Amino acid sequence: MNETLETILQRRAIKVFEPVEISEEMREQILNAARHAPSSFNMQPYRFYWVGTAEKKTAVAKLCLGQMPAETASALVVAVADIGSFAATSQGQSEWMRTRSEFSEAKIRDYERTARIGRILFMPGLFGMFALVKRALFWLLNLWKVVGMPPLSRQDIFKWATKSTSLACQNLMIAAEALGINTCPMEGFDGRRLSQYLGLSSRYHEIVMVIAIGKRSQAYMEPPQWRRPLEATVTVL
Ligand SMILES: Cc1cc2nc3c(=O)[nH]c(=O)nc-3n(C[C@H](O)[C@H](O)[C@H](O)COP(=O)(O)O)c2cc1C
């Protein structure tokens with residue numbers, strides 16, 4: 001079978017790990033794979049917190065409700081949807097474009113203008129007031145035109161960012177698997193306390209999941225993997 005498909009199919013959520021060290025090189029490869037995932041408007045609206053020291057791992061595992069994958073992992077990665085990074089991201093991209101001969105000045109200016117409009121469209125505004133204006137405008141526009149609805153409220157923007165963050169998480173897990181280690185995604189955690197521990201701001205950050213990384217314990221027997229049949233999850237038109 002194709003090697004990539006094999007890696008995807010062999011990945012399991014591992015619940016007990018044995019202690020192994022994850023080298024800096026491996027950590028970098030895994031995180032690098034994560035950031036290569038596709039993201040909406042290429043905005044990469046996330047930040048990963050790699051928790052690798054014993055003391056911090058113990059603290060974070062406790063906030064993951066003391067779950068076994070967290071307690072036994074070699075590292076914990078907290079994947080955070082970050083909606084406060086738009087300005088820095090678009091500035092980073094336009095600076096990068098200026099270093100490349102492929103992009104003309106007009107193309108760069110076009111990107112900067114689109115990014116500015118995007119930033120405005122993605123603002124919920126004070127008390128969500130701008131979200132109401134956007135809802136009304138797009139509702140009217142949609143009466144006579146095919147339009148895509150931008151995220152309106154702060155909650156919508158977090159939902160938007162969560163999609164791209166989750167794709168990066170899957171890349172991260174598949175990369176780990178390809179490198180011979182295992183993972184367990186977890187959404188069982190105390191979000192308020194974990195956010196506080198990491199110094200996150202509820203205005204801009206939302207924890208999407210925590211990924212436990214380590215080497216599957218020899219003693220751990222994963223249950224057989226069940227999936228809904230293909231026809232229950234797919235509609236071919
Ligand atoms: C978003 C998400 C949250 C999850 N949360 C937890 C969790 O808190 N604890 C846990 O042990 N497993 C968690 N899992 C792992 C699932 O239980 C597991 O992926 C599922 O049972 C299928 O098993 P498999 O991944 O081995 O095929 C989570 C998976 C996902 C995708």
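**View A. In the pairing of strand 1 with strand 5, Phe-17 lies opposite Arg-216 of strand 5.** The structure is a predicted model, in which local features need pLDDT of at least 70 and side-chain atom pairs count only at pLDDT 80 or more, while totals for chains, interfaces and linings use all residues. Residues are numbered from 1 along each chain as its sequence is written, and side-chain values use heavy atoms, with hydrogens and water left out. Strand 1 covers residues 17–18 and strand 5 covers residues 205–216; two bridges join them in the antiparallel sense. Strands (E, at least two residues) and helices (H or I, at least four residues) are DSSP runs numbered from the N terminus, and two strands pair if DSSP finds at least two bridges between them. The protein chain contains ten helices and five strands. Its C-alpha trace spans about 60 × 45 × 40 Å along the principal axes.

**View B. Strand 5 also pairs with strand 3.** Strand 3 is formed by residues 75–82, and eight bridges connect it to strand 5 in the antiparallel sense. One position in this pairing is Val-78, whose bridge partner in strand 5 is Val-210. In a regular strand the side chains alternate between the two faces of the sheet.

**View C. Strand 4 is joined to strand 5 and is largely enclosed by the rest of the structure.** Strand 4 consists of residues 182–186; it runs antiparallel to strand 5, with five bridges between the two. Among the facing positions, Cys-184 has Ala-212 of strand 5 as its bridge partner, and Pro-185 stands opposite Ile-211 of strand 5. Four of the five residues in strand 4 are buried, so the rest of the structure largely encloses this strand. A residue is buried if its relative accessible area is under 20%, exposed if over 50%, and partly exposed in between (1.4 Å probe, protein chains only). In the protein chain, buried residues make up 36% of the 237 residues.

**View D. Cys-64 and Cys-184 are in no disulfide.** A disulfide is a covalent bond between the sulfur atoms of two cysteines. The criterion applied here is a pair of cysteine sulfur atoms within 2.5 Å, and by this rule the count comes to zero disulfides. For Cys-64, the nearest cysteine sulfur is that of Cys-184, 9.9 Å away. Cys-64 counts as buried, at 0% relative accessibility. For Cys-184, in turn, the nearest cysteine sulfur is that of Cys-64, at 9.9 Å. Cys-184 is buried as well, with a relative accessible area of 3%.

**View E. The ligand is surrounded by residues that include Arg-11, Cys-184 and Arg-227.** The remaining residues around the ligand are Arg-12, Ala-13, Lys-15, Gln-67, Pro-185, Met-186, Glu-187, Gly-188 and Gln-225; a residue is included if one of its heavy atoms lies within 4 Å of the ligand. By class, this shell has four nonpolar, three polar and five charged residues. Ala, Val, Leu, Ile, Met, Phe, Trp, Tyr, Cys and Pro count as nonpolar, Asp, Glu, Lys and Arg as charged, and the others, Gly among them, as polar.

**View F. The ligand makes polar contacts with residues including Arg-11, Glu-187 and Arg-227.** A polar contact is a pair of N or O atoms within 3.5 Å; within protein, one must be able to donate a hydrogen and the other to accept it, and residues adjacent in sequence count only if both atoms are side-chain atoms. A ligand oxygen lies 2.9 Å from an N or O atom in the side chain of Arg-11. A ligand nitrogen is 3.0 Å from a polar backbone atom of Glu-187. The side chain of Arg-227 has an N or O atom 2.8 Å from an oxygen atom of the ligand. Taken alone, the ligand exposes 620 Å², and the protein buries 65% of that (Shrake-Rupley method, 1.4 Å probe; for residues, only the protein chains shown count as cover).

**View G. Asn-42 and Gln-44 have positive phi values.** Asn-42 is in the loop between helix 2 (24–35) and strand 2 (46–51). Its phi is near 55°, a positive value in a residue other than glycine. With a relative accessible area of 38%, Asn-42 is partly exposed. Gln-44, found in the loop between helix 2 and strand 2, has a phi of about 45° although it is not a glycine. Gln-44 counts as partly exposed, at 30% relative accessibility.

**View H. Glu-21 lies in the loop between strand 1 and helix 2.** At 77% relative accessibility, Glu-21 counts as exposed. The C-alpha atoms of Glu-21 and Ser-74 are separated by 6.6 Å, although these residues are 53 residues apart along the chain.
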